[in-house]
Every structure is written in C-alpha cells, then in structure tokens.
Amino acid sequence: MTEEQETPPDEAAPAPERVSGVGATYYVIRWLLAPLARMIYRPRIEGRRNVPRTGPVILASNHLSFIDSFLIPAFAPRPVYFLAKSTYFEGSGLSGWFSRNFFTAIGATPVERGAGQAALEALDQQRRILASGRAIALYPEGTRSLDGRLYKGRTGVAFLALETGAQVVPVGLVGTNEAMPVGAKWPRMSPRVTVRYGEPIDLSAHGPATSGRARRLATDEIMAAIHALSGQELADAYNEAPAANPVQRLKQVLPHERR
C-alpha cells in the first residue's frame, strides 16, 4: 500500500465541497487542527484516495480511542458525519452548551446506547444521512476496545450498506489507544498514529439487507478488511458494553443478532 504521509501543501487534495449540515467548527477542525495534529503526532495517512469524493459512503473503522472520531474526518477528503454519545449533547451550563454546539457543528449525531427504540432511531438517522449522498463513520464493534483487540462486528453497518447501496471504506487505526487511552482526559503528545483508508467494498453480492445471512457475511467481509489494515489481534467475541440492568444482561447472554 502506498503511504501518503503528511501530504505537502502543493499535493493536498482540493477542499471538499461544502455540505449542508456541517457547521463552521467542522472546517476549523479540518483546516486548523488537522495541521496541528500532523505536527504533534506525525501521523501516517494512507489511502486517502480510496475514499470516494461523492455519493453515500460508510467509513467502517476499528475503535480504540476517543480521538478516533476526530482523526477519521480530519484526514478524510470530504466531510464525514459520525455518531456520538447522547450525553455529549445533554450537559447544562457553559460546558454543556459548548459540548452540544461543538459536536453538532462537526457533524456528530447523538445516539443513546442500547437496543430497542434507541438503536432504531440511530439507524434511521444514519439512513437519512446516506440517502442525502453524504459520508458517515461507524464502528462495527459498537464501542471502544479496552484491550486493543479487534472484536466481532455487529451487522448494523452491513444492513445500512446493503439497504442504501452505500460503498464501505474500511479504516484501520493504529496507535490511537496510546495517544489517548480509555479514561484519559487529555491526549498524550508523543505516540505516532496511523490512519489507513482501505479500498471501497461493494457488498451487494451478499444479497439483500433483509437477509440475516447476507448481513452476517457482509459484516465478516468488512471486519476482515479492517483487520488487514489494523493488524490487531482478533477477539472471537462481541465487545459488549456493560449492562445497565438485569434485562440488558439477559439479552447479552441470549442468542441474538448484534446490530
């Protein structure tokens, strides 16, 4: 794979066409913080040309750190929307106002963790974004890996791709868990990170979105591509968020399709 490290200004991709829905803060991050991140972390950015510049695209990535949701869009050649925990939008006072407006401005979509209605609403939000021809970033594992391993993918990403016809670009992140470990309040300044954008995947050959087998096979193909990019140790299990109540604990142990 050809490495596109620290693309010089004269070789930089043209500015992406402004997309309705992202605020000025997105462009502050894209054009001001991205060079700052380059200076601090000297990131290896590989495969930017693999990201289609137009049409619905899902950037499906491994998830190691809080900063993943900033690095993926910061170095992508077009605006990218992503899911963010609803708590980032619900705070009070000045800090709550800043958090809410910041995440809204950079294209974040609030989502409540869990299944049921919350999961369906999140799915509908992402479907609408893709239907408008935009790009979104999603984590098939569902939540951050606490031990650095790559967990089994949930089928929601494949469902969206099969239903909307969106291309899937696998993304492999390396070193972000060292740059900002889970639980850290601020990023560290020394670790070097890598962001790898893989070649787009057309999942349509697996069958329709209504087929559970098609969703599972498509998900497995996505995860295999992410693994090839990240080089992580594989965990033969789902990365389950801690259950908040007995009902959720029961759902986790019973056989079900992880979306």
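Select Arg216 and Asp220 to begin the tour of this predicted model, and you will find their side chains meeting in a salt bridge, with 3.1 Å from N to O. Both residues lie in helix H7, which covers residues 212-230, and they are four residues apart, or about one turn of the helix. If you colour by accessibility, Asp220 counts as partly exposed, at 38% relative accessibility.

Next, select Glu163 together with Arg127, which form a salt bridge whose closest N and O atoms are 2.5 Å apart. This pair links distant parts of the chain, since Glu163 belongs to helix H5 (residues 156-164) and Arg127 to helix H4 (residues 117-131), with their positions 36 residues apart in the numbering. Are these two partners buried, exposed or something in between? Glu163 is partly exposed, with a relative accessibility of 38%, and Arg127 is also partly exposed, with a relative accessible area of 24%.

Keep that pair on the screen and add Asp124 to the selection, as Asp124, Arg127 and Glu163 are linked in a network of salt bridges.

For the last stop, move to Asp147 and Arg149, where another salt bridge brings the closest N and O atoms to 2.9 Å apart. Asp147 is partly exposed, with 42% relative accessible area, and Arg149 is likewise partly exposed, at 28%.

As you look back over these stops, it may help to remember that side chains of opposite charge can pair when their charged atoms come close. Counted with a cut-off of 4 Å between a side-chain nitrogen of Lys or Arg and a carboxyl oxygen of Asp or Glu, the model has five salt bridges.

Methods: Residues are numbered from 1 along each chain as its sequence is written. This is a predicted model: local features need pLDDT of at least 70, side-chain atom pairs count only at pLDDT 80 or more; totals for chains, interfaces and linings use all residues. Side-chain values use heavy atoms; hydrogens and water are left out. Helices (H or I, at least four residues) and strands (E, at least two) are DSSP runs, numbered from the N terminus. Buried means under 20% relative accessible area, exposed over 50%, partly exposed in between (1.4 Å probe, protein chains only).
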